[in-house]
Structures are given as structure tokens and as C-alpha cells.
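Please open the model in your viewer and keep the selection panel at hand. The stops below say what to select next and what is to be found there.

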Amino acid sequence: MQKMPVVMTIAGSDSGGGAGIAADLKTFSMLGVHGTCAITSVTSQNTRGVLTSYDLPPEVVSDQISAVCEDLNPLWAKTGMLPSSDIIREVADCVRRYNFGLVIDPVMSAEAGGSLMRQEALSTLIDELVPLCDVITPNVHEAEVISGISIANMNDAKKAARVIGKKGVNYVIITGGHLKGSDLIYDSASNDYTMIPGKLVKGGTHGSGCTYSAAIAACLSRNYSLEEASFFSKNFVEQAIINSSSVGRGVAPVNQSGGILDSASRYHVFRNVKKAVHLVTGHRSFFRLIPEVGTNLAMAIPDAKSTEDVAAVSGRIVRLENTQVTVGDIDFGKSSHVARIVLAAMDFDPDIRAALNIKYSKEIIQICRDMDLSISTFDRQQEPKNVSTMDWGVSEAIISFNGSVPDIIYDEGGVGKEAMIRILGKNSINVARIASNIADQI
Ligand SMILES: Cc1ncc(COP(=O)(O)O)c(N)n1
């Protein structure tokens with residue numbers, strides 16, 4: 001039997017399942033560590049805010065921590081909601097007694113409203129627990145409160161991080177919802193700063209801070225360096241935000257499984273495109289089908305929303321004498337043309353996720369007919385101004401085919417526009433096989 005790292009969260013419960021121990025345990029589970037928990041407070045909460053909270057007696061908090069530590073021996077823990085000075089002191093005693101590594105997420109209030117910490121507890125946290133921790137992960141607002149410095153830009157964030165570092169923390173990570181999406185890591189031993197670049201992603205963020213600090217603790221327990229842990233955790237939270245779902249009427253909770261599903265489907269699509277590219281580049285006569293503009297072969301992840309979700313050959317497949325070669329690597333977001341064909345087809349049938357373009361000739365269309373492929377067409381002369389040809393043409397061909405996606409969509413070109421055939425299918429290997437069959441016959 002394999003041995004999983006054990007990680008503990010010391011935090012509040014959120015009845016709405018979005019933040020606190022719910023977010024932490026979901027994160028631990030997604031990151032392959034065994035999650036344990038010590039509950040500090042039971043909040044009656046939903047996506048619209050905290051209604052009431054009931055703090056557990058401090059000794060019940062330390063009892064839970066002891067029960068976990070004396071059996072499961074977690075090497076890392078994270079704290080979330082620590083509502084009172086008494087609870088913070090119990091936690092500090094436990095950190096000294098059991099000596100686990102500690103990540104502090106200095107939770108002060110709920111995003112949707114409601115304080116999660118008594119006023120007097122803040123100085124206890126700073127004076128008695130912060131000096132015992134390895135990493136603290138405040139957002140900009142929390143960093144302002146702890147450091148007393150107001151933060152408008154990266155320079156202010158650096159000053160605040162230094163002040164917080166002086167309280168006895170090894171690493172301060174200021175998370176960047178307000179720093180244009182970038183995070184700042186301050187290493188107080190070497191006085192170094194590292195920026196982890198990011199982007200502001202759209203989606204629900206309830207539980208994002210909890211998820212981030214839980215991911216850091218999980219990564220550290222798997223022996224990631226702090227920089228690797230922050231890089232990974234940032235990406236994990238971005239994916240959790242992008243994949244959030246509005247399960248209630250307030251702020252949508254993040255979805256920890258989003259990133260993993262996304263990476264898994266990207267990996268699957270990447271491999272599929274790679275095999276498909278091998279099929280056509282290894283074919284003895286595929287070059288005969290390559291149009292002037294080159295061929296591309298694209299496949300989208302399920303639920304693709306933009307060309308970023310579609311993998312293709314970055315510089316297309318081109319003819320080189322009597323062979324065909326790829327120019328550039330397979331990657332997501334590198335094809336606009338063929339990727340748009342896929343996205344347009346997916347609007348009609350989400351199962352059709354791959355496309356490949358080849359040159360047009362009457363002979364090739366006849367071969368397609370003989371192969372019993374379904375065929376539709378559009379006329380470039382009819383194209384309205386200010387539309388994307390791929391979106392418009394592909395939709396036209398599908399609409400005139402009674403709304404279902406045919407195997408082949410072609411057009412005979414226009415002034416300065418090369419005529420083209422597109423092969424569509426469920427995955428890129430399928431369309432590459434069809435292309436190879438056509439090439440066999442030409
Ligand atoms: C029990 C508990 N812990 C932490 C948070 C903060 O999370 P958020 O700021 O995303 O609401 C919360 N709302 N509830």
C-alpha cells in the first residue's frame with residue numbers, strides 16, 4: 001500500500017460547502033494527500049454570507065489536533081478561520097508540541113460578508129502564531145491590516161511583505177487578486193522577492209483563499225519547493241475559479257475539480273492530436289492534399305469556449321517536395337483558422353471536436369462521395385461583410401445540412417481566397433484517418 005502525505009486543516013466549517021474545511025479537504029483530495037481537520041468554528045453560511053457562527057471551546061480544537069497528530073502525524077498544517085485569542089493560543093501550543101510545518105491563511109472576513117475573527121484576536125495571531133509559521137498567505141487586504149501599509153501597487157506589496165516577514169515568518173506570499181493577478185513571494189531569510197505572474201480570471205472566488213493555502217500545504221507535504229508550490233497552487237486556484245459554478249444566489253464557490261478535469265482533457269486532446277499528426281506526416285502521399293496555405297489539424301477539449309481550448313500545430317503542416325512536415329509544435333491556442341472551424345461546429349454538435357483542412361478539387365469531392373462521407377458547402381460570394389469566414393461559412397454549411405454537422409464542408413473559394421475542404425469529426429485521429437484514406441486514392 002502506498003503512503004500518502006497527511007495534511008491537516010485547522011479552520012471553520014462553511015455549511016454552504018464553499019470555503020473553510022470543505023474547500024481545504026476538497027483541495028487535499030484533488031492533490032493526492034490525505035486531509036485531516038480540526039474545526040475551530042461552525043458557521044451557518046451560504047453563498048450570500050455568514051448568518052451566525054458558533055466557536056468551539058478552545059480545548060475541543062486542541063483535542064482534535066492532538067487526536068490527528070498522535071496517530072496520523074501530519075507534517076504540514078494550514079490554518080483558516082481562527083476566531084478568538086483563546087483558540088489561537090491553543091493552536092500555537094499544539095504547533096510547538098507537535099512541530100508540524102504551518103501555513104497561515106489569515107482569514108478575517110467572508111467574501112460575501114460577515115466577520116470571521118474577533119477584533120482582539122488579530123494581535124494574538126500576529127504576536128503568538130505568526131512567529132511559529134513557515135508561510136503566510138494574506139491577500140492584499142489582509143496584508144494591509146497585518147502590516148499597517150496600504151497597498152496600491154507591487155512596490156507597496158513589497159514593503160508590506162517585508163514588515164510581515166519581520167514578525168518571524170520565513171515566507172510571505174501576498175496573493176494578487178488586487179495586483180493584476182500576480183502573486184509576490186518574499187523570502188525573509190534572503191530578503192528576496194519573486195513574482196509569480198498570473199492573470200485576472202473570471203469566475204466565482206468564494207473559497208479561493210482557503211483553496212490556495214490548502215494547495216500550498218499539500219504541495220509542501222509532497223516536497224515541492226516553495227516556488228514550485230506557489231506556481232502550482234496559483235494555477236490550481238485559477239482553474240478552480242474558471243470552473244466555478246453558481247450553485248447559490250450569491251458568490252459562486254470555486255470548483256477544485258475543474259483544474260484537474262481541464263488538465264486531464266488537455267492531456268488527452270494533446271495526445272490525440274500528436275497521434276493524428278503522426279498519421280498524416282507519416283503518410284506516403286498526404287502532401288498531395290496540402291493547400292497553398294498549409295494544412296492544420298485541430299481538436300478541442302469538451303466544453304471548449306475559445307481557441308485557447310483547441311490544440312493544433314502552431315505553424316501548420318506544409319509540403320516539402322514530395323513529403324509533408326510540421327512547422328512548430330502542437331499546442332493550445334496556436335491555431336485560429338482551423339480552431340474556429342471546430343468551435344463553430346461545436347455550437348451545433350458538441351461531440352464534433354476535430355477538424356482538418358485540405359485543398360479543394362472536384363476529384364477530391366468525388367472521392368469523398370465515393371467514400372459515403374456526408375458533404376455540405378457554402379458560397380463565399382454570399383459572405384456578408386464583417387464576419388469571420390470560418391464562423392459564418394461553417395454555420396451556413398451546417399444550417400443548409402438541416403443543422404447537423406457533415407463529415408465534409410467545402411467552398412470553391414472567391415477572389416483571392418483559396419478553395420478549401422474541411423474534414424470534421426469527433427477526434428483528430430478520426431479526421432486524420434479520413435484524410436489518409438482520401439490521400440490513398442488520389
Ligand atoms: C469558515 C470559513 N472560512 C473562511 C472563509 C473565507 O472564504 P471567502 O473569503 O472566500 O468567503 C469563509 N467564508 N468561511
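How many salt bridges does the structure hold? In this predicted model, the structure holds 15 salt bridges, and the tour begins with some of them before moving to the ligand.

Begin by selecting helix α3, which spans residues 85-98, and show the side chains of R89 and D86, which meet in a salt bridge with an N to O distance of 3.8 Å. Both residues belong to this helix and are three residues apart, about one turn of the helix. R89 is partly exposed, with a relative accessible area of 36%, and D86 is also partly exposed, at 47%.

Stay on helix α3 and add R96 and D93, whose side chains form a salt bridge at 3.1 Å, N to O. Here too the partners are three residues apart in the helix, so about one helical turn separates R96 from D93. D93 counts as partly exposed, because its relative accessibility of 36% falls between the 20% limit for buried and the 50% limit for exposed.

Next, select D391 and R340, which form a salt bridge whose closest N and O atoms are 2.8 Å apart. This pair links distant parts of the chain, with D391 in helix α12 (residues 389-399) and R340 in helix α10 (residues 337-348), 51 residues apart. D391 is partly exposed at a relative accessible area of 28%, and R340 is partly exposed at 33%. Then select R380, E383, D411 and R422 together, which are joined into one network by salt bridges that share partners.

To see a wider region, colour residues 272-435, which an unreviewed UniProt entry annotates as "domain: Thiamine-phosphate synthase ThiN". Over these residues the chain is 30% helix and 23% strand, and the C-alpha atoms at the two ends are 15 Å apart.

Finally, centre the view on the ligand and display the 15 residues around it, of which Q45, A110, E111, H206 and G207 come nearest. Which atoms of these residues should be picked out? For Q45, choose the polar side-chain atom that lies 2.7 Å from a nitrogen atom of the ligand. For H206, look for an N or O atom of the side chain 3.0 Å from a ligand oxygen, whereas in G207 a backbone N or O atom lies 2.6 Å from an oxygen atom of the ligand. Taken alone, the ligand exposes 360 Å², of which the protein buries 91%. If you colour the surrounding shell by residue class, six residues are nonpolar, eight are polar and one is charged.

Terms used
Residues are numbered from 1 along each chain as its sequence is written. This is a predicted model: local features need pLDDT of at least 70, side-chain atom pairs count only at pLDDT 80 or more; totals for chains, interfaces and linings use all residues. Side-chain values use heavy atoms; hydrogens and water are left out. A salt bridge is a side-chain nitrogen of Lys or Arg within 4 Å of a carboxyl oxygen of Asp or Glu. Helices (H or I, at least four residues) and strands (E, at least two) are DSSP runs, numbered from the N terminus. Buried means under 20% relative accessible area, exposed over 50%, partly exposed in between (1.4 Å probe, protein chains only). UniProt positions are given in the numbering used here, feature names are shortened, and annotations may be inferred rather than shown by experiment. A residue is near a molecule or strand if one of its heavy atoms lies within 4 Å of it. A polar contact is a pair of N or O atoms within 3.5 Å; within protein, one must be able to donate a hydrogen and the other to accept it, and residues adjacent in sequence count only if both atoms are side-chain atoms. Accessible areas come from the Shrake-Rupley method with a 1.4 Å probe; for residues, only the protein chains shown count as cover. Ala, Val, Leu, Ile, Met, Phe, Trp, Tyr, Cys and Pro count as nonpolar, Asp, Glu, Lys and Arg as charged, and the others, Gly among them, as polar.
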